[in-house]
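Dear colleague,

I am handing over the structure we spoke about, and below it you will find notes on what turned up when it was examined. Please read them with the structure open beside you.

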Amino acid sequence: MKFIVSSSSLLKHLQQISGVINANTVLPILEDFLFDITDKKLNIVATDLETVMRVQMDVESQENSRVCIPAKILIDSLKNIPDQPLTFSIDKNFAVEITSDNGKYKVMGENPDNFPKEPVADDTNSFTMTSRALITAINKTLFAVSSDDLRPAMTGVYFELNKDAIQFVATDAHRLVRYRRTDVHCPNQDSFIVPKKPLNLLRNALPDNDDEITISYNSNHLFVMHGTTQLTCRLIDARFPDYKVVIPQDNPYKLVVNKNDFQGALRRINVFSNKSTNQVALNISGSELKLAAQDVDFSFEGHERMNCNYNGEDLQIAFNAKFLIEMLSAADDDEVRVELSTPTKAGILKPTEQEEGEDLLMLVMPLMLNS
Amino acid sequence: MVLSSARHITHMDLDTFFVSVECLRNPKLKGKPVLIGGMSDRGVVASCSYEARKFGIHSGMAMKIAKRLCSHAHVVKSDYEAYSKYSRLVTDVIKDSVPLYEKASIDEFYIDLTGMDKFFGCLKYSDELKKKIVKESGLSISYALASNKLVSKVATNEVKPNGQLEIPFGNEKTFLSPLSIMKIPGIGKETGYRLLKMGVETVKTLSEIPVNMLYNLLGKWGIELHRKANGIDETPVIPYREQKSIGTEETFTTDTIDVKLLHQELVRMTEKIAFELRSQEKLTGCVVVKIRYSDFQTEQKQMTIDYTAFDDILIQKVKELFTGLYTKRQLIRLIGVRFTDLISGTHQIDMFNDSQEAIKLHQAMDSIKKQFGQQYLMRASACMDNKNITHAPKPYKT
């Protein structure tokens, strides 16, 4: 069996999906790409058993055939081959020979029948959204996802579908992000949790434009389709915590600050904070916001003051500066509004102005100040 | 060897430290046999005066036996708070006077005076420091100056009490040679016995044994021992560091398998050290539970957790660890709880697990404890009336 393909185009397609493959796998075949040629269409598949990615491209080939080729060596070689047509020939023992203008390379492939089967998309519901909308949603939520395997429900982004909106929620129990879009319409009211890894892969594989993508799901899997590129992943089988009850409805004190100034001050102050807690104390009174951090172990200390717009009682409250910095990055506006109540209750962070059809709410729990 | 030729290390050791402190607090004890340690039947002697040592008493001996050996000795209950207070006082004096020091224990210090010889003369400087410590604290201290930690420590032990000595560079071997091998730190009962059986009694003999032979006998430790016997020790003086863990343990008056009692005790100990943790504005990232069975078999188990100082979380983790650890249905002699991986900071509130009520309760409890002392407020589950525990808090009775 034989096929001819452009080296640069093949590399481009492989790199789109190569992120699925883990460095250390249990099954050796998971280090391979599956090449599947049907009617001059080459489908390439990569999987880690949880997430499957598939891309399609055109090739020159007389017959239909399948083979598994080790991923790392294939990508490494393609990176160093100048753009040209490559001829792949595979014998019955799945030995792969690649012929270029420069020479011949041989790798040992594997039997494609041993490659894990993709989950079948049956019993699915579907909706569509633009590629850019999905990327934005991922960018605004993924950073808040927990990495604590003991609470699996929080290790992914919670998708909450509705007739007239979609909500993306991520939390690690210390902070929470809720991003809502009203320009997406889903036929059913449903919810599921998507793990971190496939979302990260989507963020890199999808284009930042208005291409329409189709998202389907059933009780176990999520299927995302963009043209001929497809990602399938297993959903997290756990119950997402009841996040609605922890969002305070009536935080009375409002603090409005310039986003870049606030973020800059936090970044500078955070250098002097304790490296494990990143604790920064905010002291708000009148129109002045004081920031202070210290690391007693090394006798580091940082203090700053900045102007703000605040209506409320004088308040001292401590937060993890890293959380605040990350949240501020997710807010697009020049100014942010922080809604506070007492030093032990959640603070809410919102951009002062939101795009039409979008709603972003971020919540952060304070660090307890010893009285 | 270039390094060690240039080093000047003083080892300072407070003479019968606990006894000296007790004598300061009660001058009547001076010149009398004094025993310090636990008062109960199972207590041991933590320290004893030179007068008591004449009767064959040594630290580590059971209090019962010590009292039998010297019935007229004054027995004083150990008060570690007072001892650490005096220890800090001495540490402060040393800290103010020298560039680099290591606090090896509550009453021992290594001071690196390397380079000071050009200015003051190390011996003169050590001597002045000694006088300063005696003047400031009223405690007697001995020191020895040598070219490494090992020799200075051995020399200090030789000149105690209230002595001083300098072992000039090059004379380490001459100094160590006539001494008994038991004087070398690290040679305990077991190694000592094995060596004595071979006829090795003095350090001189030990230093002449080929290193291969010692390796065959004692493994890697044999190589180190060979170096020690030859007066070679390159370990540096490590500056005093803050405590990296905090813990407590309890030996029961009689061994027990009462799981309810053990749980109560765990809750009490956890509450106690968690409060201490919060008082120091620290958080722990690792919990360790230890149990010792009646046959002295000791086992421990630890668990990494998110940094916290919250009682509820810590008590839960401690109980989990204990349940995983105690599977033998055997009498327990001792249990202990320890928090390691300490960092400074305060608790990050969890939005799902920490309710506002729990936070408020915590804050209220801590402020009461701070004002009146932590022994007056505790969880009911930690409160018990049991003779099996020496320090058990007693429920209030009218």
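**What was found**

In chain A, residues 24 or more positions apart account for 66% of the contacts with a separation of 6 or more. Please keep in mind throughout that this is a predicted model. Chain A contains 6 helices and 26 strands, and of its 371 residues 52% are buried. Chain B, for its part, has 15 helices and 12 strands, and buried residues make up 48% of its 398 residues. When the contacts in chain B between residues at least 6 apart in sequence are considered, 64% of them join residues at least 24 apart.

**Nonpolar cores**

The largest nonpolar core comprises 101 residues, and within it Phe33(A) and Phe35(A) are the ones that touch the most other members. The element that gives the most to this core is helix H6 of chain A, residues 321-330, which supplies 7 residues. If you would like to follow one residue of the core outward, Phe35(A) is a possible choice: leaving aside its neighbours within four places in sequence, Phe35(A) is in contact with residues including Phe3(A), Leu10(A), Leu14(A), Leu42(A), Ile44(A), Val67(A), Ile69(A) and Leu74(A). The contacts of Phe35(A) also include Asn43(A), Ser65(A) and Arg66(A). There is in addition a second, separate core of 31 residues, among them Leu14(B), Phe17(B), Ile111(B) and Leu139(B).

**The second largest pocket**

The second largest pocket has a volume of about 1,000 Å³, and 37 residues line it. Those lying nearest its centre are Asp148(A), Arg151(A) and His174(A), together with Asp306(B) and Tyr307(B). Three elements each supply at least two residues of this lining, namely H6 of chain A, strand S11 (298-308) of chain B and helix H14 (311-325) of chain B; S11(B) gives the most, with 6 residues. By residue type, the lining of the second largest pocket divides into 12 nonpolar, 15 polar and 10 charged residues.

**Aromatic pairs**

Over all chains, the structure holds 17 aromatic pairs. One of them is formed by Tyr158(A) and Tyr243(A), which meet edge-to-face, at 6.3 Å centre to centre and with 75° between the planes. Tyr158(A) lies in strand S11 of chain A (residues 156-161), whereas Tyr243(A) lies in the loop between strands S17 (229-234) and S18 (253-258) of chain A, so this pair ties together parts that are 85 residues apart in sequence. Tyr158(A) is buried, with a relative accessible area of 13%, and Tyr243(A) is likewise buried, with a value of 2%.

Another edge-to-face pair is that of Tyr253(A) and Tyr310(A), with 6.3 Å centre to centre and 80° between the planes. Because Tyr253(A) lies in strand S18 of chain A and Tyr310(A) in strand S22 (residues 309-311) of chain A, the pair ties together parts that are 57 residues apart in sequence. Tyr253(A) has a relative accessible area of 16% and is buried, and Tyr310(A) also counts as buried, at 10% relative accessibility.

Finally, one aromatic cluster is formed by Phe127(A), Phe159(A), Phe168(A), Tyr179(A), Phe192(A) and Tyr217(A).

With kind regards

Definitions and conventions. Residues numbered from 1 in each chain as written. Chains lettered and ligands numbered in written order. Predicted model: local features only at pLDDT ≥ 70, side-chain atom pairs only at ≥ 80, totals over all residues. Heavy atoms only, no water. Core = buried A, V, L, I, M, F, W, Y, C linked by side-chain atoms within 4.5 Å. Buried < 20%, exposed > 50% of the residue type's maximum accessible area, 1.4 Å probe, protein only. Helix = DSSP H or I, 4+ residues; strand = E, 2+ residues; numbered from the N terminus. Contact = heavy atoms within 4.5 Å. 1 Å grid on protein atoms, 1.4 Å probe; cavity = no way out; pocket = protein on both sides within 12 Å on 5 of 7 lines; lining within 4 Å. Points joined across faces, edges and corners; volume = space filled by probe spheres on them. Nonpolar A, V, L, I, M, F, W, Y, C, P; charged D, E, K, R; others polar. Phe/Tyr/Trp six-rings, centres within 6.5 Å; stacked < 30°, edge-to-face > 60°.
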